[in-house]
Amino acid sequence: LTIVGTGEQRRDFTHVDDIVKGLIKCSGQPLRGEIFELGSGKNYSINEVANMFGKDYPKKYIDKRPGEYDVTLCDYSIAESTLGYRPKGSLKKYIAKIIGGNK
């Protein structure tokens, strides 16, 4: 895995199924111009994600790139109260399933 910078930057990873469900909920509403954050509401450091593949999984650190955020984290509370959006996916479970499927 290639990791940019220290790997301590944090990202909100969201399964595509949760995003699609959120978009479908948006499309069924008579709304105009509203903005909804669709995400998991939980973030992980890139190092944490890399370690989900196994502590000994090969990692390569490269220089930090300018312009990247240190932290991203979705607040889906407006989407939840307006649309009933609530993410169901779990990054840990998804990675465990992928790793388990490769054995």
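Ile19 counts as partly exposed, at 25% relative accessibility. The structure in which Ile19 sits is a predicted model. The chain has 103 residues, and 27% of these residues are buried. Its secondary structure consists of four helices and four strands. The points below start with the whole chain and then take five residues in turn.

**Overall fold and shape**

- Along the sequence, the helices and strands of the chain come in the order β-β-α-β-α-β-α-α.
- The chain is more spread out than a compact globule, because its radius of gyration is 16 Å, well over the 13 Å that the globule rule gives for 103 residues.
- Taken along the principal axes, the box filled by the C-alpha atoms of the chain is roughly 50 × 35 × 15 Å.
- Among contacts in the chain with a separation of 6 or more, 89% are between residues 24 or more positions apart.

**Surface and charge**

- The chain has an accessible surface of about 7,400 Å².
- Carbon and sulfur atoms account for 54% of that surface.
- There are 17 positive and 13 negative side chains in the chain.
- The centre of the positive set and the centre of the negative set lie 6 Å apart.

**Helix H1: Ile19 and Gly22**

- Helix H1 covers residues 16–27, and Ile19 is found in it.
- Gly22 is also a residue of helix H1.
- Ile19 is partly exposed because its relative accessibility of 25% falls between the 20% limit for buried and the 50% limit for exposed.
- Gly22 has a relative accessible area of 0% and is buried, since buried means under 20%.
- Not counting residues up to four places away in sequence, Ile19 touches Thr14, Leu38 and Gly39.
- Gly22 is in contact with Leu38, Leu83 and Tyr85, again leaving aside neighbours within four places in sequence.
- Leu38 therefore appears in the contact list of Ile19 and in that of Gly22.
- Ile19 and Leu73 are 54 residues apart along the chain, and their C-alpha atoms are separated by 15 Å.
- Gly22 and Tyr61 are 39 residues apart in sequence, with 34 Å between their C-alpha atoms.

**The loop after H1: Ser40**

- Ser40 lies in the loop that runs between H1 and strand E3, which spans 43–45.
- A polar atom of the Ser40 side chain is 3.0 Å from the backbone oxygen of Lys42.
- Apart from residues up to four places away in sequence, Ser40 touches Asp12, Phe13, Thr14, Cys74, Tyr76 and Pro87.
- Thr14 is one of the residues touched by Ser40, and Thr14 is also touched by Ile19.

**Strand E1 and the loop after E4: Val4 and Arg65**

- Val4 is in strand E1, which is made of residues 2–4.
- Val4 is buried because its relative accessibility is 9%, under the 20% limit.
- Outside the four places on either side in sequence, Val4 touches Gln9, Ile62, Asp63, Lys64, Arg65 and Glu68.
- Val4 and Ile95 are 91 residues apart in sequence, and 20 Å separates them in space, C-alpha to C-alpha.
- Arg65, one of the residues that Val4 touches, is found in the loop between strand E4 (60–62) and helix H3 (77–83).
- The relative accessible area of Arg65 is 43%, so Arg65 is partly exposed.
- A polar contact of 2.7 Å joins the side chain of Arg65 to the side chain of Glu68.
- Glu68, like Arg65, is among the residues that Val4 touches.
- Arg65 and Thr6 are 59 residues apart along the chain, with their C-alpha atoms 11 Å apart.

Note on methods:
Residues numbered from 1 in each chain as written. Predicted model: local features only at pLDDT ≥ 70, side-chain atom pairs only at ≥ 80, totals over all residues. Heavy atoms only, no water. Helix = DSSP H or I, 4+ residues; strand = E, 2+ residues; numbered from the N terminus. Rg over C-alpha atoms; globule rule 2.2 N^0.38 Å. Buried < 20%, exposed > 50% of the residue type's maximum accessible area, 1.4 Å probe, protein only. Contact = heavy atoms within 4.5 Å. Areas by Shrake-Rupley, 256 points an atom, 1.4 Å probe, with all protein chains shown as cover. Lys, Arg positive; Asp, Glu negative; His and termini not counted. Charge placed at Lys NZ, Arg CZ, Asp CG, Glu CD. Polar contact = N/O pair within 3.5 Å; in protein donor to acceptor, adjacent residues only side chain to side chain.
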